[in-house]
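Here is a short tour for anyone meeting this structure for the first time. Have a look at it, and then we'll walk through some of its details.

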Amino acid sequence: MAAPGKVAAFRLPPLPTIGEIIKLFRLKALKQLSQNFLLDLRLTDKIVKQAGELKNAHVCEVGPGPGGITRSILSAGVEQLLLIEKDARFIPGLQILSEAAPGKVRIVHGDILTYKMEKAFPKHLKKNWEDEPPDIHIIGNLPFSVSTPLIIKWLENVSKRDGPFIYGRTQMTLTFQKEVGERLTANPGSNQRSRLSIMAQHLCTVENCFTIPGQAFVPKPEVDVAVVHFTPLVQPKIQQPFELVEKVVQSVFQFRRKYCFRGIETLFPENGRLKRTEQLMMTADVDPTLRPFQLSMSQFRNLCNVYRKMCDEDPSLFVFNYRDELRQKKKTRSLLGSTGQPEQT
Ligand code: SAM
């Protein structure tokens with residue numbers, strides 16, 4: 001669990017309220033960009049507390065918008081705050097905050113999906129992977145259409161120890177649609193157990209901290225929001241390359257409601273599919289009649305380890321793509337026509 005940090009370690013000078021900033025700069029939320037703002041500073045303080053102790057920390061806030069969470073981060077007494085905001089309309093309001101905390105804030109007008117985090121922080125903050133996490137935190141309330149692809153990208157970065165994790169086990173506190181938060185933390189047997197549960201939990205300690213009701217945002221989104229905290233694990237629970245784990249997990253969850261062997265079959269070409277599926281499941285000691293959501297992390301680990309061995313023995317296996325095979329079969333069938341014979345032209 002993230003140690004609750006102290007907020008209000010630094011006092012900002014009197015500033016216009018977030019509501020006044022929104023009015024002053026005419027920052028109408030753009031529905032097409034899923035912009036929903038938090039104006040209640042008690043709530044933004046509560047989110048920032050989940051990150052842990054931020055006094056003298058280096059923080060990157062993604063999507064600061066009108067700056068509610070930004071104020072809470074500054075009040076926590078951070079050393080440096082990097083703001084990455086895609087929408088240029090917010091930059092003047094953020095500059096007011098930057099002037100209120102001289103020398104602490106760096107504003108980048110850019111897209112977090114392409115921003116290179118490798119050079120975002122000073123080199124001296126780097127820690128060995130096995131050490132305590134570095135004094136670097138990522139915090140953000142992003143649109144859901146950005147936060148889900150972003151966490152997948154960052155999980156891959158955790159696995160490869162690059163991007164923001166070049167500095168060590170950088171912690172993240174991010175918001176998601178409530179159901180996505182539940183998927184990220186779901187245990188075996190839970191209805192919400194999914195690809196995201198395995199991908200996140202094999203690489204990080206994931207904590208679903210609390211839920212913010214939709215009505216706390218302006219304008220109110222259709223859904224409630226989960227605040228989720230991630231700390232990368234020293235030892236991933238599955239010690240295989242990200243792409244391999246992703247392939248196995250994606251295949252298993254392909255047929256959510258069916259027995260798990262149905263999805264696992266799709267890892268293998270038609271020729272020898274049954275035999276290889278049996279071999280994988282037996283060696284990994286996984287009951288083929290379990291449903292995907294019932295599999296434990298250690299069962300996923302066994303499946304990945306055995307699949308890895310099979311790929312090492314037959315390297316054509318890893319590049320095999322079930323969907324391509326289906327497409328190819330469909331094409332052949334339409335070329336042959338319904339008779340199974342080539343059509344006469
Ligand atoms: N953090 C503010 C708050 O809690 O009130 C704003 C939240 S609003 C849901 C999301 C913010 O992320 C907006 O300011 C939006 O412009 C910004 N944003 C959206 N996509 C982004 C991206 N790819 N990179 C950086 N910022 C982005």
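In which loop does P219 lie? P219 sits in the loop between strand 8 (217-218) and strand 9. The peptide bond leading from V218 to P219 is cis, with omega near -15°.

Before going on, a word on what you're looking at. This is a predicted model, where local features need pLDDT of at least 70 and side-chain atom pairs count only at pLDDT 80 or more, while totals for chains, interfaces and linings use all residues. Residues are numbered from 1 along each chain as its sequence is written, and side-chain values use heavy atoms, with hydrogens and water left out. Helices (H or I, at least four residues) and strands (E, at least two) are DSSP runs, numbered from the N terminus.

Now the sheet. It is open and mixed in its pairing, with 7 strands in the order 4-3-2-5-6-9-7; two strands pair if DSSP finds at least two bridges between them. Strand 4 (105-109) and strand 7 (204-212) are at the edges with a single partner strand each, so one side of each has no neighbour in the sheet. From one strand to the next, the twist averages 20°. Further in, strand 2 (residues 58-62) and strand 5 (residues 136-140) run parallel and are joined by 5 bridges. In that pair, V62 stands opposite G140.

Helix 2 (residues 41-49) lies across strand 6 (171-177), strand 7 and strand 9 (225-232), and runs at about 165° to strand 7. Contact here means heavy atoms within 4.5 Å, and axes are lines fitted to C-alpha atoms, for helices over the stretch in contact, with angles from 0 to 180 degrees between N-to-C directions. The loop between helix 2 and strand 2 holds N56, which has a positive phi of about 65° although it is not a glycine.

What about the ligand? There are 22 residues around it, and L38, G63, E85, D111 and N141 come nearest; a residue counts if one of its heavy atoms lies within 4 Å. Strand 1 (37-38) and strand 3 (80-85) each supply at least two residues of this shell. Here are some side-chain distances to an N or O atom:

| Residue | Ligand atom | Distance |
|---|---|---|
| Q35 | oxygen | 3.0 Å |
| D111 | nitrogen | 2.8 Å |
| N141 | oxygen | 2.7 Å |

Notes: A polar contact is a pair of N or O atoms within 3.5 Å; within protein, one must be able to donate a hydrogen and the other to accept it, and residues adjacent in sequence count only if both atoms are side-chain atoms.
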